[in-house]
Every structure is written in C-alpha cells, then in structure tokens.
Amino acid sequence: MIEIPYAELLGLEVEQGEGAPVLVMPFDDGKIGRPGFIHGGAIGGLLEMAAVAALMAALDDESARWKPINVTVDYMRGGRDQVTRAQGAVTRLGTRIANVESRAWQESPDKPIAAARMNFLIRR
C-alpha cells in the first residue's frame with residue numbers, strides 16, 4: 001500500500017501488474033458524483049496516486065523527494081459504481097523532472113475511463 005493519507009482516504013489497494021503497480025479503488029457511497037457514477041475528483045485522485053506509485057517504483061530510492069508540478073486529466077467515459085483500477089507509466093525520468101502518464105479503467109485496460117499526464121519535480 002502507498003502510505004499517503006489521500007491514498008488511504010480513497011481506500012486504495014495495490015495489485016502487482018506488469019511494470020508499475022496497479023492501484024485498485026473499491027466503490028463506496030463516499031465516492032458518488034451523480035447517481036450511479038464515481039465523482040471525477042475520486043477518479044482524478046486515483047490517477048494521481050497511480051502516477052505516484054509508478055514514480056516511486058521507478059525511483060527505487062526511499063530518500064528521494066518529489067512533488068507534482070502539473071496534472072492534466074482527460075475524462076473519457078463515466079466511471080460506474082464498481083471497482084476501478086489505474087496504472088501509471090514513467091515516460092521520462094530525468095535527474096530533476098519526471099513525466100508520468102496514468103490510465104484508469106473498470107472492465108478492461110483497453111477501455112479507459114480517464115487518463116492523466118503529470119510532471120514531477122524530484123530532489124535526490
């Protein structure tokens with residue numbers, strides 16, 4: 001589990017996937033946006049935590065510190081009231097800046113409900 005309070009608030013669990021870990025967000029009434037759908041903020045938070053998990057795995061250095069510089073979220077379809085998964089991928093890891101993309105899905109990774117691009121400032 002990612003030991004970040006926001007990840008705990010979302011109830012995220014970790015599944016091992018190929019490459020970066022897959023984060024699993026169970027559905028509950030606290031995440032409802034409009035009836036029958038997950039709030040976009042919960043989906044955005046899941047995407048951010050998936051990006052952070054991917055970055056932490058890529059850094060493999062517990063002393064490294066990072067903070068997000070920007071986040072862009074693309075919502076592709078409504079997230080239904082069911083389990084949602086997300087996985088990040090580090091697209092570039094420099095000495096001070098990292099670029100990470102993440103995708104969230106419900107039925108299949110091939111049908112994402114949202115995607116995000118994030119840039120992180122890193123201090124090692």
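# Notebook: salt bridges, core, pocket and a few single residues

I started with one close pair: D28 forms a salt bridge with K31, and the closest N and O atoms there are 2.9 Å apart. Note to self: this is a predicted model.

**Entry 1: the D28 and K31 pair**

I looked up how open each partner is. D28 comes out as partly exposed, at 34% relative accessibility. K31 is buried, with a relative accessible area of 5%. I checked the cut-off here: K31 gets that label because buried means under 20% relative accessible area.

**Entry 2: the other salt bridges**

How many salt bridges does a search of the whole structure find? I got three.

One of them joins E15 and R85, with 2.9 Å between the closest N and O atoms. E15 sits in strand β1 (residues 13-15) and R85 in strand β4 (residues 84-93), so this pair ties together parts that are 70 residues apart in sequence. I looked up the exposure of both ends. E15 is partly exposed, with a relative accessible area of 31%, and R85 is partly exposed too, at 24%.

I also found D74 and R117, whose side chains meet in a salt bridge at 3.0 Å, N to O. This pair links distant parts of the chain, with D74 in strand β3 (residues 65-75) and R117 in strand β6, 43 residues apart. D74 is partly exposed, with a relative accessible area of 30%. For R117 the value is 38%, and that counts as partly exposed as well.

**Entry 3: the nonpolar core**

Next I went inside. In soluble globular proteins, nonpolar side chains tend to be buried together. I found 31 residues in the largest nonpolar core of this model. Which of them touch the most other members? They are L12, L23, M25, L46, M49, L55 and F120.

I then asked which elements feed this core. β2 (22-25), α2 (40-59), β5 (97-105) and β6 (112-123) each supply at least two of its residues. Helix α2 gives the most, with twelve residues.

**Entry 4: G41 in helix α2**

Still on α2, I picked out G41, which lies in this helix. Is G41 buried or partly exposed? It is partly exposed, with a relative accessible area of 35%. Leaving out residues up to four places away in sequence, G41 touches Y6 and Y75. I also came back to K31 here: G41 and K31 are ten residues apart along the chain, and their C-alpha atoms are separated by 8.5 Å.

**Entry 5: the largest pocket**

Rolling a probe the size of a water molecule over the atoms shows where empty space is left. In this model, about 170 Å³ of space lies in the largest pocket. I wrote down the lining: M56, L59, D60, D61, E62, A64, R65 and W66. Both α2 and β3 supply at least two residues of that lining. How do the lining residues divide by type? I got four nonpolar, no polar and four charged.

D60, one of the lining residues, made me look again. It is found in the loop between α2 and β3. Its phi is near 50°, a positive value in a residue other than glycine. At 70% relative accessibility, D60 counts as exposed.

**Entry 6: A20**

Where is A20 found? It is in the loop between β1 and β2. A20 is buried, with a relative accessible area of 12%. Setting aside neighbours within four places in sequence, A20 is in contact with A54, Q87 and G88. I also looked up how A20 sits relative to D61, one of the pocket-lining residues. A20 and D61 are 41 residues apart in sequence and 15 Å apart in space, C-alpha to C-alpha.

**Entry 7: W105**

Last one for today. W105 has its place in strand β5. At 9% relative accessibility, W105 counts as buried. What does W105 touch, not counting residues up to four places away in sequence? I listed V22, T84, R85, A86, Q87, K111, P112 and I113. R85 on that list is the salt-bridge partner of E15. Q87 is also in contact with A20. Finally, W105 and G79 are 26 residues apart along the chain, and their C-alpha atoms are separated by 8.1 Å.

Terms used:
Residues are numbered from 1 along each chain as its sequence is written. This is a predicted model: local features need pLDDT of at least 70, side-chain atom pairs count only at pLDDT 80 or more; totals for chains, interfaces and linings use all residues. Side-chain values use heavy atoms; hydrogens and water are left out. A nonpolar core is a set of buried Ala, Val, Leu, Ile, Met, Phe, Trp, Tyr and Cys residues joined through side-chain atoms within 4.5 Å. Buried means under 20% relative accessible area, exposed over 50%, partly exposed in between (1.4 Å probe, protein chains only). Helices (H or I, at least four residues) and strands (E, at least two) are DSSP runs, numbered from the N terminus. A salt bridge is a side-chain nitrogen of Lys or Arg within 4 Å of a carboxyl oxygen of Asp or Glu. On a 1 Å grid over the protein atoms alone, a cavity is a set of points where a 1.4 Å probe fits but cannot get out, and a pocket is an open set with protein on both sides within 12 Å along at least five of seven lines; lining residues have an atom within 4 Å of a point. Grid points are joined across faces, edges and corners, and a volume is the space filled by probe spheres set on the points. Ala, Val, Leu, Ile, Met, Phe, Trp, Tyr, Cys and Pro count as nonpolar, Asp, Glu, Lys and Arg as charged, and the others, Gly among them, as polar. Contact means heavy atoms within 4.5 Å.
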